[in-house]
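Me: I am new to this structure and should like to understand the terms used to describe it. Please take me through the reasoning behind each one.

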Amino acid sequence: MRKRLRAERLDSFPRPGSQHDASKPGRPKSGRRPRKRRSMARWLPVCAALASGAVFLSWTDGGRTTRLSDPLTIQLDRLADGLGLGLQEITVGGHRRTREKAVYAAMQLRDVRSFVLFDSEATRRRIEDLPWVARAEIRRSFPWRVAVRIVERRPFALWRHQGVDTIVDRTGRHLETVDFGRVRSLPLVAGLGAEAFAHEIVDAVAKWPDLVLATSLAKRIGRRRWDLVLSGSRRVQLPERDFAHALRRLMAGQRGQRLFDRSYAEADLRVPGQITLRSQAIPGSRYNLPRPVLSRTIALPKVSNRG
């Protein structure tokens, strides 16, 4: 009896290469995994949780402290630097007035080690925010070289305000503050807001070389008009509108016979079609005082000759 049962149990398992009937009891169905593999799969999440807990406890000293991990980009930046791909050479060219120290400070390379964290566009904008810089071009040569090319602004005039001289460009942008009276090669303008409109009066005066040489200061009056201070302590009061036409009348005629060549302390050209010459300047708030006795009003013929 025992031998028969044993033989039936042995026959219940398929032999290699033999055909078996899947309907017979005791045979495993197709597609099922062995019990050993299924038990191991059940324990994998448990093992992973235990490993994570062990790492957490070791890093946080049993949960009593915490540690901050760096972002992935910072880790990649350090990795690139460790592999020899860090920034090693930075060149700056095209600058005269801008200091290299200011350019390096604008690049903000203290925490940047490679091109992983280096932002060319943001760096270019920061460099162009420097006073003298008009344009900046950044070229990257992989893996460790950066070349910066700078185009600087051109000084246009010297703005004097409250005892301070400031070099400005054509748009009125402040470029550099210099010692009082140090710069003499630029047109001098003064008055509140004069730096933003300096190009108007400078371009108008530049049409007459004699007037350029004689003009020592262009002063903005009340943020609306200009006064020219000429050699010999002469002052020319220009109108608020169309002051270029008033300058043409000032310089009209032949040399030596122009209004510009006459002897006067003040020439008032603010009234259209009328010129008032004063032999003595009016001190203080001269525009609110009556005209002095030593003054005469003349009407000049309309001529277009600049002389």
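Me: Which residue is the bridge partner of R135 in β3?

Reply: In this predicted model, R135 has V151 as its bridge partner in β3. Likewise, V133 stands opposite E152 of β3.

Me: What makes β2 and β3 a pair, and in which sense do they run?

Reply: Two strands count as paired if at least two bridges are found between them. β2 and β3 (residues 145–152) have eight bridges, in the antiparallel sense, so the criterion of at least two is met. A hairpin of three residues joins β2 to β3.

Me: Why are β1 and β2 said to stand at the edges of the sheet?

Reply: The sheet is open and has three strands, in the order β1-β3-β2, with mixed pairing. β1 (89–93) and β2 (133–141) each have a single partner strand, so one side of each is left without a neighbour in the sheet. From one strand to the next, the twist averages 15°.

Me: Which strands does helix α4 touch, and which does helix α5 touch?

Reply: Helix α4 (residues 100–107) packs on the sheet and touches β1 and β3. The direction of α4 makes about 125° with that of β1. Helix α5 (residues 120–128) also packs on the sheet, where it touches β2 and β3; the direction of α5 makes about 150° with that of β2. A contact here means heavy atoms within 4.5 Å.

Me: What lines the largest pocket?

Reply: The largest pocket, with a volume of about 410 Å³, is lined by 20 residues, of which L186, P187, L188, T215 and S216 are the closest to its centre. β4 (157–161), β7 (188–190), α6 (198–205) and β8 (215–221) each supply at least two residues of this lining. The largest share, four residues, comes from β8.

Me: How many residues of the lining of the largest pocket are nonpolar, polar and charged?

Reply: The lining has 14 nonpolar, four polar and two charged residues. Leu and Pro count as nonpolar, so L186, P187 and L188, among the closest to the centre, belong to that class.

Me: How many of the residues reach a pLDDT of 70 or more, and where is pLDDT below 50?

Reply: The mean pLDDT of the protein chain is 76, and 61% of its residues reach 70 or more. Over residues 9–13 the pLDDT is below 50, and this stretch has two contacts beyond near neighbours in sequence. Residues 20–25 also stay under 50, with four contacts beyond four places in sequence. Where pLDDT is low, the predicted coordinates should not be read in detail.

Conventions: Residues numbered from 1 in each chain as written. Predicted model: local features only at pLDDT ≥ 70, side-chain atom pairs only at ≥ 80, totals over all residues. Heavy atoms only, no water. 1 Å grid on protein atoms, 1.4 Å probe; cavity = no way out; pocket = protein on both sides within 12 Å on 5 of 7 lines; lining within 4 Å. Points joined across faces, edges and corners; volume = space filled by probe spheres on them. pLDDT = per-residue confidence, 0-100. Axes fitted to C-alpha atoms, helices over the stretch in contact; angles between N-to-C directions.
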